[in-house]
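Subject: Handing over the structure

Hello,

Here is the structure I promised to pass on to you. Please have a look at it first, and then read on for what I found in it.

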Amino acid sequence: MPRFVALVKASAESEEGVLPSTENLEEMTRYNEELVKAGVMLAGEGLQPSSDGVRIAYGGPSGRTVTDGPFAETKELVAGFWIIQARDLAEAVEWLKRAPFQDGEVEIRQVFEDEDFGEALTPELREAEQRLREQAAKNR
Amino acid sequence: MTDVRAAIEAIWRIESPTVIAGVARLVGDVGLGEDFAQDALVAALEQWPRDGMPVNPGAWLMTTAKRRAIDHVRRSETQQRKYAEVATELEEHDDMPDPEDVRDDLLRLVFIACHPVLSPPARAALTLRLLGSLTTDEIARAFLVPEPTVAQRIVRAKRTLTEARAPFELPGPVERASRLGSVLEVIYLIFNEGYAATAGEHWTRPELCEDALRLGRVLAELMPRESEVHGLIALMELQASRLRARVRPGGEPVLLLDQDRAHWDRLLIGRGLRSLARAGALGPLGSYGLQAAIAACHARARTAEETDWVLITAIYDVLARVVPSPVVELNRAVAVSMSLGPAAGLEIVDALRDDPALKDYHLLPSVRGDLLTKLGRTEEARQEFARAAAMTRNERERALLEARAAALE
């Protein structure tokens, strides 16, 4: 059964660190309980605003550049996530439709499993990967 | 159009156990319950694309199914009194079903699907069908049997339940423990079909583990105060965490101590450890909880060398008292050999050599051979590996054991 990550997009309120109302919290608690009761929930968390976060940029002359938040483009930021296990994308969509949001956006993406890599990870490649891991483990 | 159909089918998979349970309790029969629920699905497939999706699809399906049930009951003359009851129920609970009632109905469905009057394969098929929302075809592919076999199995199971007049009720306090044991056994049977299977189409088998895990998680929310329910989930989560590392790309099984732990799923390990803590908080661990505790020892060790064999041995000592069996004793011997040395383990294994229950169990000579090797008794070890190789029916294992024997020549 595939896993899906549901990314909750940030909003002006989440970025300001405005806490949800008691009513909203209760609704969210109930929704999370529904996910748990259905055996669908694997994980779910809220993320602190980007003002307390950092970004790491890779490449460039210095190799790694760390920038403090907050970051603009609020709609592209992530405020929270769920990891759920569902039969297919349609089922994941039905579950996330039931989330107690009045506005905003959730993006759902399927998690790669080994077998999804298809041509890229042939049995020979997988074997080689396995041997490499064993070698690495011995060298640790 | 196909999007709408996919959405309806997804909603059906989410809602059908609740709908089946609600109607089954109304008419007192799980077969009829499923029939009326299916009628509601057919109606949804006809009406929703035309009229739009209802605001509360679950409630729509439940109301439609119950109305079908009323029509059926009304038409049956001998059921007049039942008709009055059913009609009243529908009026009173049309809008907001009590979550407690919904929970109880689902539990009733769990217990009836796992009824001991049914054979274990029948229970597994019925459970996957009614609670897992799997199609007959999916169940057939999961168990590697033909679809008509599964279809027949389910039909006969429902008939057996009707003929046995198995009540659609929660078991009373006297039989509750044994009935719950039956439920846990079914879920673990489904899990093991997926976990121990290295034959068949490679990646469809972990799906079975996940089906069992979902069923177990649902049950944990229905019976949150039962320690062994959380114990079983803990065991399954921890074992499932090792699924990717268990099999080489070529299909050969990898022993636990040889597995690449970077491939162990830490999300599942975390969940398994939390479930184990819940089980422990509810009272002394039972058989599943203790097995989970042993699995947790492996999960917590970052490398095989860091395994806490002393703790594992201690848990096996308790498990051997709770579920005494020669197989548990053999496993205990392995743990003892790792914590106290091969000689101590060999003592226990030697005491099992004449146990008739183990006379065809190839792991007994295999373990004995391993311990003898460690004690430098190479000729005796070689003989044991040769014996074990002759006893196993698994080609890969036979090759492995023959190689171990040959290495000692």
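Let me start with a single pair of residues: A:F4 has A:I84 as its bridge partner in β5(A). Before going further, please keep in mind that this is a predicted model.

**The sheet in chain A**

The pair above belongs to a longer match. Strand β1 (residues 3-9) of chain A and strand β5 (residues 78-85) of chain A run antiparallel and are joined by seven bridges. A second residue to look for is A:V5, which stands opposite A:I83 in β5(A). A:I83 is also reached from β2(A), where A:A43 stands opposite A:I83. The pairing of β2(A) with β5(A) is antiparallel too, with five bridges.

What order do the strands of this open sheet take? In chain A the order is β2-β5-β1-β6, four strands with antiparallel pairing. At the edges stand β2 (41-46) and β6 (106-110) of chain A; each has a single partner strand, so one side of each has no neighbour in the sheet. On average, neighbouring strands here are turned by 15° against each other, if direction is ignored. As general background, side chains in a regular strand alternate between the two faces of the sheet.

A helix goes with this sheet as well. Helix α3 (residues 89-97) of chain A lies across β1, β5 and β6 of chain A, and its angle to β6(A) is about 155°.

**Chain A as a whole**

Stepping back, chain A holds four helices and six strands. Read from the N terminus, its elements follow the pattern β-α-α-β-β-β-β-α-β-α. Of the 140 residues in chain A, 14% are buried. If you take the contacts in chain A with a separation of 6 or more, 72% of them are between residues 24 or more positions apart.

**Chain B as a whole**

Chain B has 20 helices and zero strands. Its C-alpha atoms fill a box of roughly 80 × 45 × 40 Å along the principal axes. Buried residues account for 41% of the 409 residues in chain B. Among the contacts in chain B between residues at least 6 apart in sequence, 60% join residues at least 24 apart.

**Two helix pairs in chain B**

For both pairs below, it helps to know that two packed helices are described by the angle between their axes and the distance between the axes.

The first pair I would show you is helix α2 (residues 30-51) of chain B with helix α3 (residues 57-75) of chain B. Their axes come within 8 Å and cross at roughly 125°, which makes α2(B) oblique to α3(B). The crossing of α2(B) and α3(B) is right-handed. On the α2(B) side the contact is made by B:F36, B:A37, B:D39, B:A40, B:A43 and B:A44, and on the α3(B) side by B:L61, B:T64, B:A65, B:R68 and B:A69. Sorted by class, the contact of α2(B) with α3(B) has eight nonpolar, one polar and two charged residues.

Now for the other pair. Helix α15 (residues 309-322) of chain B packs with helix α16 (residues 326-340) of chain B at an angle of about 155°, the axes being 8 Å apart. The two helices α15(B) and α16(B) are therefore roughly antiparallel to each other. Here α15(B) passes α16(B) in a left-handed crossing. The residues of α15(B) that meet α16(B) are B:W309, B:V310, B:I312, B:T313, B:Y316, B:D317, B:L319 and B:A320. From α16(B) they meet B:V328, B:E329, B:N331, B:R332, B:A335, B:V336, B:M338 and B:S339. By class, the contact of α15(B) with α16(B) has 10 nonpolar, three polar and three charged residues.

**One residue to find: B:V183**

Is B:V183 buried or exposed? With 26 other C-beta atoms within 10 Å, B:V183 is buried. You will find B:V183 in helix α9 (residues 173-195) of chain B. Leaving aside neighbours within four places in sequence, B:V183 is in contact with B:V110, B:F111, B:C114 and B:L219. B:A44, which we met in the contact of α2(B) with α3(B), lies 139 residues from B:V183 along the chain, and their C-alpha atoms are separated by 32 Å.

Enjoy exploring, and write back with any questions.

Best wishes

Terms used:
Residues numbered from 1 in each chain as written. Chains lettered and ligands numbered in written order. Predicted model: local features only at pLDDT ≥ 70, side-chain atom pairs only at ≥ 80, totals over all residues. Axes fitted to C-alpha atoms, helices over the stretch in contact; angles between N-to-C directions. Parallel < 35°, antiparallel > 145°, perpendicular 65-115°, else oblique. Left-handed = near helix turned anticlockwise from the far one by under 90°. Contact = placed C-beta atoms within 7 Å. Nonpolar A, V, L, I, M, F, W, Y, C, P; charged D, E, K, R; others polar. Pairing = 2+ DSSP bridges. Buried ≥ 20, exposed ≤ 12 C-beta atoms within 10 Å, placed from the backbone.
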